[in-house]
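Student: I would like a close look at one part of this model, the largest pocket and what lines it. Please also go through the residues and the core that help to place it in the chain.

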Amino acid sequence: MNKKILQGEVYKKKAVVVEVVDKFTATVVVVKSGDVIKLDQDDLETIIPKVGGSVRIVNGEHRGSRGVLENIDESNYCVSVRVDSDN
């Protein structure tokens, strides 16, 4: 997360997207502290989990849905996700 968020208290901390608010904003929960923060996409860094890990789709047709990462195609900068739910 951006160094400026919460005076740098959450910089480089892991967080989980719990809600996609609109096209550019999400609500996240900081893993260790439990802080709930609404952030602009520019304040976040995308981390790709391991294959089999849980994901939240933040853009496109299934935005807001949860899924499981099925495949990572590094050469084409894309992933395959199995959508589990539409929320």
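Tutor: The lining of the largest pocket is made up of 20 nonpolar, six polar and nine charged residues. This is a predicted model. The volume of the largest pocket is about 1300 Å³. It is lined by 35 residues, and those closest to its centre are Ala15, Val17, Glu45, Thr46 and Ile47. Two or more lining residues come from each of E1, E2, strand E4 (54–56), E5 and E6. E1 gives the largest share, five residues.

Strand E2 is a useful place to continue. Thr27 lies in this strand. Leaving out residues up to four places away in sequence, Thr27 touches Val16, Val17, Val18, Glu19, Val21, Val36, Ile37 and Lys38. One of these partners, Val17, is also among the lining residues closest to the centre of the largest pocket. Thr27 has a relative accessible area of 11%, so it counts as buried, the cut-off being under 20%.

Another of those partners, Ile37, leads to the nonpolar core. The largest such core consists of seven residues: Met1, Ile5, Val10, Val28, Val30, Ile37 and Leu39. At least two of its residues are supplied by strand E2 (25–30), and at least two by strand E3 (36–40). In soluble globular proteins, nonpolar side chains tend to be buried together. Within the core, Ile5 can be followed further: apart from neighbours within four places in sequence, Ile5 is in contact with Val10, Ile37, Leu39 and Asp43. Of these contacts, Val10, Ile37 and Leu39 are themselves members of the core.

Next to Ile5 in the numbering comes a residue with a backbone feature to check. Leu6 is not a glycine, yet its phi is positive, about 50°. Most residues other than glycine have a negative phi. Leu6 sits in the segment before strand E1 (15–22). With a relative accessible area of 35%, Leu6 is partly exposed.

Tyr77 is a second case. Its phi is also positive, about 55°, and Tyr77 is not a glycine either. Tyr77 belongs to the loop between strand E5 (66–73) and strand E6 (78–83), and both of these strands give two or more residues to the pocket lining. The relative accessible area of Tyr77 is 77%, so this residue is exposed, the cut-off being over 50%.

Methods
Residues numbered from 1 in each chain as written. Predicted model: local features only at pLDDT ≥ 70, side-chain atom pairs only at ≥ 80, totals over all residues. Heavy atoms only, no water. Core = buried A, V, L, I, M, F, W, Y, C linked by side-chain atoms within 4.5 Å. Buried < 20%, exposed > 50% of the residue type's maximum accessible area, 1.4 Å probe, protein only. Helix = DSSP H or I, 4+ residues; strand = E, 2+ residues; numbered from the N terminus. Contact = heavy atoms within 4.5 Å. 1 Å grid on protein atoms, 1.4 Å probe; cavity = no way out; pocket = protein on both sides within 12 Å on 5 of 7 lines; lining within 4 Å. Points joined across faces, edges and corners; volume = space filled by probe spheres on them. Nonpolar A, V, L, I, M, F, W, Y, C, P; charged D, E, K, R; others polar.
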